[in-house]
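Open the model in your viewer and set it to a cartoon view with side chains hidden. The stops below say what to select at each point and what is there.

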Amino acid sequence: GLFSSTLDGYEHLQSEDFYSLTPDELHTITEDKQDTPAAAYGKLVTGTKWYFACEIGNEDFALFDGGLEAGSTVFLDPGRFYSGSLPAKLEDVGREEGGSRVLLFSCDRAMAEMLSVRNLTVTVAAEEHSGIRVPKEAVYSEENAEGGTDHYLYTLTGVQAEKKYIDIVWTTDDFYLAVPGAKGSMLRDGNEIIVSAKDLADGKIME
């Protein structure tokens, strides 16, 4: 188990208390602090998961386009409390009330970091993609032998332009997330990408 010297009056709550809640019921629970025993020095947590319940507005809920259903996996970013995002299971979608509802998540990562955290704001993502951020204007396309499309860009290697193929894994209005393609030289994090230049070609000397 994990020991914490932090006692805050919420130790009586159990995970099952947070299922099928309305926002008003969640607020009532969070306001129900109890006195801690004077002789208590802390608490021992023996479970393998922590739970997070939060209120979400209907407009934000609709942004997930049906992706927030009980049993699905999402990613929680707890901000300053943890570096990076955490995979979590959506345990329950509460009843809609007054334009919002309660979501209950469980997570089996970062137990030690989250042990003493009671109130926080998280960013919830239904999908997570990783890759190298590439400016859209730096990417070119060409037809391949199979009739498909290959994407590539040029990096500055020494004083020469070097053609590197990429696979695009995510698209935004301003940039792509890309991973190295299956052929040619490999794009690496830290490469200097040529955003624009005239008559680019593999091996061209850049002045």
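## The larger core

Start with side chains: show Trp50, Phe52, Leu68, Leu76, Leu103 and Phe105, which touch the most other members of the largest nonpolar core, a set of 21 residues. The model is predicted. Now colour strand 3, strand 4 (73-77), strand 5, strand 6 and helix 3 (111-114), the elements that each give two or more residues to this core. Strand 3 supplies the largest share, 4 residues.

Keep Phe52 on screen and ask which residues it touches, leaving aside those up to four places away in sequence. They are Leu103, Leu104, Phe105, Leu120 and Val122.

A second core, separate from this one, has 10 residues. Select Ile132, Leu153, Tyr176 and Ile193, which are among them. Tyr176 comes up again further on.

## The sheet 3-6-5-4-7

Select strands 3, 6, 5, 4 and 7 in that order: these 5 strands form an open sheet with antiparallel pairing. Which strands stand at its edges? Strand 3 (50-57) and strand 7 (123-125) do; each has a single partner strand, so one side of each is left without a neighbour in the sheet. From one strand to the next, the twist averages 40°.

Zoom in on residues 86-93 and 100-107. These are strand 5 and strand 6, an antiparallel pair held over 4 bridges. Within the pair, find Leu90 and look across to strand 6, where Phe105 stands opposite. Phe105 was also shown at the first stop, as one of the residues touching the most other members of the largest core.

Next select residues 23-30, which make up helix 1. The helix lies across strand 3 and strand 6, and runs at about 135° to strand 3.

## The sheet 8-12-11-10-9

Move on to the other sheet on this tour. It is open, has 5 strands in the order 8-12-11-10-9, and pairs in the antiparallel sense. Its edge strands are strand 8 (132-135) and strand 9 (140-143), each of which pairs on one side only. Ignoring direction, neighbouring strands of this sheet are turned by 55° against each other on average.

Work across the sheet pair by pair.

- Strand 8 and strand 12: they run antiparallel and are joined by 4 bridges. Select Val134 and find its bridge partner in strand 12, Tyr176. Tyr176 is also one of the residues of the second core.
- Strand 9 and strand 10 (residues 149-157): this antiparallel pair has 4 bridges. Glu142 has Asp150 in strand 10 as its bridge partner. The hairpin of these two strands has 5 residues between them, and there Gly147 takes a positive phi near 85°.
- Strand 10 and strand 11: 7 bridges join these strands, again antiparallel. Select His151 and look for its bridge partner in strand 11, Ile166. With 2 residues between the strands, this hairpin has Gly158 at a positive phi near 70°.

## The loop at Asp174

Select Asp174, in the loop between strand 11 (160-171) and strand 12 (175-184). Is Asp174 buried or exposed? Its relative accessibility is 59%, so Asp174 counts as exposed, the cut-off being over 50%. Apart from residues up to four places away in sequence, Asp174 touches Pro135 and Lys136.

Now add Ala38 and draw a distance between the two C-alpha atoms. Asp174 and Ala38 are 57 Å apart in space and 136 residues apart in sequence.

## The whole chain

Zoom out to the full model. The protein has 3 helices and 12 strands. Its C-alpha atoms fill a box of roughly 75 × 40 × 25 Å along the principal axes. How does the radius of gyration stand against that of a compact globule, and what are the two values? The protein has 25 Å, whereas a compact globule of 207 residues would have one near 17 Å.

Switch on the surface as a last view. The accessible surface comes to about 12,800 Å², and 46% of it belongs to carbon and sulfur atoms. Of the 207 residues, 33% count as buried. Among contacts with a separation of 6 or more, 61% are between residues 24 or more positions apart.

How values were computed
Residues are numbered from 1 along each chain as its sequence is written. This is a predicted model: local features need pLDDT of at least 70, side-chain atom pairs count only at pLDDT 80 or more; totals for chains, interfaces and linings use all residues. Side-chain values use heavy atoms; hydrogens and water are left out. Two strands pair if DSSP finds at least two bridges between them. Axes are lines fitted to C-alpha atoms, for helices over the stretch in contact, and angles run from 0 to 180 degrees between N-to-C directions. Contact means heavy atoms within 4.5 Å. The radius of gyration is taken over C-alpha atoms; the globule rule is 2.2 Å times the number of residues to the power 0.38. Buried means under 20% relative accessible area, exposed over 50%, partly exposed in between (1.4 Å probe, protein chains only). Accessible areas come from the Shrake-Rupley method with a 1.4 Å probe; for residues, only the protein chains shown count as cover. A nonpolar core is a set of buried Ala, Val, Leu, Ile, Met, Phe, Trp, Tyr and Cys residues joined through side-chain atoms within 4.5 Å.
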